[in-house]
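Have a look at the model below and keep it open while you work through these exercises. Each one has a task, followed by a solution that goes step by step.

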Amino acid sequence: MVIAAHPDDADFGPAATAASWIGQGSVGWLVCCTSGDAGAEDPDTDPLELAALREREQRAAAEVVGYAGVTFLHMPDGALVNDLILREHLVREIRTFKPDAVLATDPETLFYRDRGVNHTDHRAAGYAAVDAVYPAARNPMAFPWLAKQGLAAHRVRRLYLFWSDTATVRIDVTATVDRKLEALRAHASQLKDFDEVEKWTREWTAEVGKEIGVEAAEGFHMVVIDEDDDVDAGGEARAAEAGEAAEAAQAEAAAS
Ligand SMILES: [Zn+2]
């Protein structure tokens with residue numbers, strides 16, 4: 001499950017990873033906290049029309065990535081808060097969809113390596129996602145009416161936080177970076193110059209890819225909440241290898 005603040009965040013974020021995992025048999029679901037109703041330059045823009053347009057764009061992008069569906073929580077763009085209302089919505093989504101992993105914005109990113117400020121909604125969505133995953137979704141006494149209505153507690157085992165300055169894992173997306181770009185292209189209302197977006201998306205994924213010796217990768221700060229005792233050991237070994245390779249590449253970069 002990918003939890004994002006705005007339509008297009010999931011596509012600028014972990015779309016290639018989502019497409020890759022879905023291609024390998026995972027089922028994906030996207031939750032957008034807002035519908036991006038403040039995402040225009042003209043103050044006379046009708047926010048409801050803009051929200052409807054951006055939801056259409058996000059649904060088209062989600063189809064490219066291969067999500068089974070999208071939920072829009074219709075929270076106000078620019079005013080997202082990690083409060084009990086947002087968390088209850090997210091717990092409802094998590095308990096309905098029952099994801100093993102939640103991908104969300106890293107809430108601790110305030111500045112992007114001193115080159116820009118991370119939007120307040122991205123931080124709020126990240127904090128709310130983390131707090132919904134742990135402890136609320138797994139605690140039947142959190143929002144007890146949900147469990148009483150049949151939405152049983154659910155344990156999410158991992159968090160993958162994107163747009164992180166402290167990435168700990170890199171996912172090889174060589175095979176799906178084109179799909180990420182196709183998904184990004186669906187957000188026409190937000191793109192002034194798609195060629196420019198394509199250029200830096202390829203540069204960025206290539207830079208992360210270099211850290212694990214592949215053409216393109218996306219980076220995450222991964223948090224293991226519950227160990228997987230029932231997954232194949234090969235997957236764990238591959239993840240460990242990728243982590244070691246990244247560390248080695250970082251050490252090399254630091255040395256040079
Ligand atoms: Zn955003």
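**Exercise 1. Is His 122 buried or exposed, and which metal site does this residue serve?**

Step 1: Start with accessibility. His 122 has a relative accessible area of 9%, so we call this residue buried (under 20% is buried, over 50% exposed, partly exposed in between; 1.4 Å probe, protein chains only).

Step 2: Before going on, note that this is a predicted model, where local features need pLDDT of at least 70, side-chain atom pairs count only at pLDDT 80 or more, and totals for chains, interfaces and linings use all residues. Numbering starts from 1 along each chain as its sequence is written, and side-chain values use heavy atoms, with hydrogens and water left out.

Step 3: Look for the ion. His 122 binds zinc through NE2, alongside His 6 through ND1 and Asp 9 through OD, and these donors lie 2.1 Å from the ion. Donors here are N, O and S atoms within 2.8 Å of the metal (3.2 Å for Na, K and Ca), and the site may look incomplete because water is not among the atoms.

Step 4: Read the spacing. Along the chain, the zinc donors follow the pattern H-x2-D-x112-H. His 6 sits in the loop between strand S1 (2-4) and helix H1 (9-12), while His 122 belongs to helix H5 (residues 120-133), so the two histidines tie together parts that are 116 residues apart in sequence. Helices (H or I, at least four residues) and strands (E, at least two) are DSSP runs, numbered from the N terminus.

Step 5: Check the partner. His 6 is buried too, at 6% relative accessible area.

**Exercise 2. Why is helix H2 described as largely enclosed?**

Step 1: Count. Of the 9 residues in H2 (residues 15-23), 7 are buried, so the rest of the structure largely encloses this helix.

Step 2: Name them. The buried set is Ala 15, Ala 16, Thr 17, Ala 18, Ala 19, Ser 20 and Ile 22.

Step 3: Find what they pack against. The buried residues of H2 touch H1, helix H3 (47-65), strand S6 (169-172), H7 and strand S7 (217-224), where contact means heavy atoms within 4.5 Å.

Step 4: See what comes next. Gly 25 follows H2 and has a positive phi, near 115 degrees.

**Exercise 3. How do the axes of H4 and H5 cross?**

Step 1: Take the geometry. The axes of H4 (residues 84-97) and H5 come within 9 Å and cross at roughly 55 degrees, which makes H4 oblique to H5. Axes are lines fitted to C-alpha atoms, for helices over the stretch in contact, with angles from 0 to 180 degrees between N-to-C directions; under 35 degrees is roughly parallel, over 145 roughly antiparallel, 65 to 115 roughly perpendicular, and the rest oblique.

Step 2: List the contact. Leu 86, Arg 87, Leu 90, Val 91 and Ile 94 of H4 meet Ala 128, Ala 129, Asp 131, Ala 132 and Val 133 of H5.

**Exercise 4. Where does His 154 lie, and which residues does this histidine contact?**

Step 1: Place it. His 154 is in the loop between helix H6 (144-148) and strand S5 (158-162), and is buried, with 12% relative accessible area.

Step 2: Leave aside neighbours within four places in sequence. His 154 then contacts Ile 94, Arg 95, Lys 98, Pro 99, Ala 137 and Arg 138.

**Exercise 5. What are the overall totals?**

Step 1: The protein has 9 helices and 7 strands.

Step 2: Of its 256 residues, 45% count as buried.
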